[in-house]
Every structure is written in C-alpha cells, then in structure tokens.
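Reader: Before I rely on terms such as contact, burial and cavity, I would like to see how each of them is justified.

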Amino acid sequence: MHVIHRRGWELPEREATPENLFFSRRTLLAGAGAAAAAALIPGSAAAQRRADLPDPTASLYPVKRNAKFVLDRPITDETINTTYNNFYEFGSSKTISRAARALIIRPWTIKLDGLVDKPMEIGIDDLLKRMPLEERLYRHRCVEAWAMAVPWSGFPLAKLVELAKPLSSARYLQMQTFLDASVASGQRQVWYPWPYTEGLTLAEATNDLAFLVTGAYGKPLPKSMGAPLRLAVPWKYGFKSIKSIVRFSFTAERPRGFWERLQGSEYGFWANVNPEVPHPRWSQASESLLGTDERRPTQLFNGYGEYVAQLYKGLDGERLWV
Ligand code: MTE
C-alpha cells in the first residue's frame with residue numbers, strides 16, 4: 001500500500017495555542033480528566049460491556065443504492081477504510097480502530113439547537129426511523145493527499161435541517177463531536193481544542209451532496225469511521241467530514257472548526273478541494289489512492305463541481321480552497 005505519511009498535523013503546544021489559553025485550558029481539563037478517571041475505575045467493566053454491545057441497527061442495512069452518484073475508481077477495500085483513519089479523539093496515528101471500540105454508541109442523543117424554531121434532542125434510533133436511508137458511492141479526499149472511495153449509507157443533511165426548522169436569521173450550521181475523555185484518550189491531549197467541531201453555510205448544508213452517514217459497506221458505521229453519525233461532504237477536504245456528531249447548532253456567525261482553531265493559517269472554513277492551490281506545506285495537485293500504487297491528478301471540487309460550484313459564485317474574496 002502506498003501511503004502518504006502524515007505531515008505536521010501535530011504542533012508543538014506553544015505554536016498551537018496562546019500560552020495563557022493553553023494553561024487555563026489545561027487546568028480546566030486536568031480537573032475534568034481526574035473526574036473522568038475516577039468515574040472509570042468502578043464502572044470500567046460495565047462501560048466495556050456497553051461499548052461491546054452489537055449495533056442495534058444492523059438489520060436496517062444494506063439500503064438501496066442511489067444510482068445518481070457514480071465513481072471513477074474502484075471502491076476502497078473495506079479493511080483499509082475501517083483501519084486507516086483520522087480520528088484524533090482516539091490518537092494521532094492512523095491505527096486507532098482498536099482504541100475506537102471503547103466508544104459507547106447507545107444511548108446516543110443528538111441536540112438540535114441555536115437559531116431554530118424549537119430546540120430539540122433526539123436519540124439516534126428515533127432519528128433513523130424518521131430519515132430516508134440510501135446508499136451513495138462517494139470519493140473522499142483527505143487534505144493530506146490520500147483518497148478513498150466509500151459506499152456510505154445515510155440520509156441527506158438537508159432532511160435534518162428540515163427537521164430542525166432553522167429561523168430565517170440562521171446562516172451557518174455548526175456540528176460537534178462527543179466529548180468524553182474517559183473513552184477517548186486523545187481528548188486528554190489538552191493542546192487540541194476539543195470537542196471537534198466543523199461548520200457549513202446553510203446553503204452548503206442543504207446542497208444535494210451533503211450527506212449524514214450512519215452506515216458503510218452495507219452495515220452500520222464502524223466506530224473508527226465515526227459511528228453512529230458522521231458527515232460526508234466529498235467536495236471538501238476530509239477534515240470537514242466530522243465524525244460521531246452529538247450536536248447541530250444553527251448560527252448567524254461563521255463557526256470556526258477544530259483545525260481552523262488549531263492552525264488557521266493552514267486550515268480554513270471553506271476547504272474546498274482544488275489541485276491548483278497547494279497546502280502551505282505540500283502540493284494538492286495529485287492524490288494517492290489508498291490500497292493501490294496509483295496516483296491520480298486531483299480534480300477541482302474533488303470532481304463534484306456540477307453539484308457545488310454555484311455555491312461559491314461571488315465569493316472571490318474568500319479563502320475558498322484551504
Ligand atoms: N472527526 C473527528 N471528530 N475527529 C477527527 O480527527 N478527522 C477528519 C474527519 N473527521 C476527524 C474527524 C479527517 S482529517 C479525515 S481525513 C476524516 O475524518 C477521515 O475519515 P475516515 O477515517 O473515515 O477516512
């Protein structure tokens with residue numbers, strides 16, 4: 001397998017966060033970490049049992065494939081996709097799939113709040129009952145210049161926006177990952193701005209391509225890939241596709257994502273794929289297809305321009321590509 005090695009996602013603490021913020025956050029989280037550790041000792045066996053429970057949605061899959069979304073490359077081998085991951089909550093290496101098994105995915109409550117008609121909470125299984133599940137074959141392009149092709153199952157993000165009924169003042173959607181350092185050891189690394197968040201404009205979120213994922217390869221989503229609910233926005237670099245989401249907040253202000261907060265000079269809000277705009281430290285002109293020796297030229301909007309290019313008309317002053 002030809003793999004591009006991870007370059008520079010981790011930063012020395014001093015470069016990541018102003019020192020005053022760093023230390024105040026460390027003090028705060030040290031307290032939270034101690035509490036979490038205490039809670040872990042008596043309950044750890046029970047927590048492990050809860051983490052090991054089979055996914056109750058197994059019988060929902062496979063779901064019908066939407067023929068509209070076709071690939072120009074073979075589907076990436078399932079074993080590669082489920083074991084070569086970016087999921088910093090469980091560590092900064094690619095081999096986090098074993099550690100991610102500790103994630104407890106039931107009960108899993110999702111909050112819809114901010115500028116909405118009525119804030120609500122809904123359990124993942126209730127949400128699944130209300131959403132039209134389908135399978136879509138999507139390309140996935142990581143900002144690190146590797147690519148995969150994935151058969152996702154899920155439903156359009158637009159359907160969740162419809163359920164939430166945002167007010168007319170809402171312009172953005174911020175999404176947030178769980179926060180639980182007792183199961184996610186990466187969240188004890190206090191120089192990262194946990195919890196992981198990402199954001200889209202409402203126009204992006206309601207675009208046909210924006211997809212909320214609950215399964216992959218005809219099965220419930222593996223924990224390493226962001227169970228029980230993650231985003232897939234295939235025209236953007238992979239870091240926008242946030243995993244294990246617990247909250248959707250509608251806002252008037254543009255939200256700042258995890259990587260933007262950590263290193264805004266390299267990772268911005270828009271992060272649309274563009275082969276002609278290099279990352280400050282490497283080229284984005286081509287990508288390696290995981291599981292093969294192949295390198296291919298990268299395509300503008302990762303090849304999805306027909307769906308999304310119109311979203312960016314008139315935004316020439318914006319940093320659309322990093
Ligand atoms: N979501 C969370 N919560 N934490 C993460 O570290 N990594 C992002 C994205 N979503 C990440 C995340 C990055 S950089 C990529 S490339 C994709 O998840 C990787 O998804 P995969 O592991 O399913 O390929």
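Author: A polar side-chain atom of K243 lies 2.7 Å from an oxygen atom of the ligand. This is a predicted model, in which local features need pLDDT of at least 70 and side-chain atom pairs count only at pLDDT 80 or more, while totals for chains, interfaces and linings use all residues. Residues are numbered from 1 along each chain as its sequence is written, and side-chain values use heavy atoms, with hydrogens and water left out.

Reader: What makes the approach of K243 to the ligand a polar contact?

Author: A polar contact is a pair of N or O atoms within 3.5 Å, so the 2.7 Å between K243 and a ligand oxygen qualifies. R230 also places a polar side-chain atom 2.7 Å from an oxygen atom of the ligand, and an N or O atom in the side chain of T177 is 3.0 Å from a ligand nitrogen.

Reader: How much of the ligand does the protein bury?

Author: Taken alone the ligand exposes 530 Å² (Shrake-Rupley method, 1.4 Å probe), and the protein buries 100% of that.

Reader: Why is the ligand said to sit in the largest cavity?

Author: A molecule sits in a cavity if more than half of its atoms lie within 2 Å of the cavity's grid points, and the ligand is therefore placed in the largest cavity. A cavity is a set of points, on a 1 Å grid over the protein atoms alone, where a 1.4 Å probe fits but cannot get out. About 340 Å³ of space lies in this largest cavity, the volume being the space filled by probe spheres set on the points.

Note on methods. Polar contact = N/O pair within 3.5 Å; in protein donor to acceptor, adjacent residues only side chain to side chain. 1 Å grid on protein atoms, 1.4 Å probe; cavity = no way out; pocket = protein on both sides within 12 Å on 5 of 7 lines; lining within 4 Å.
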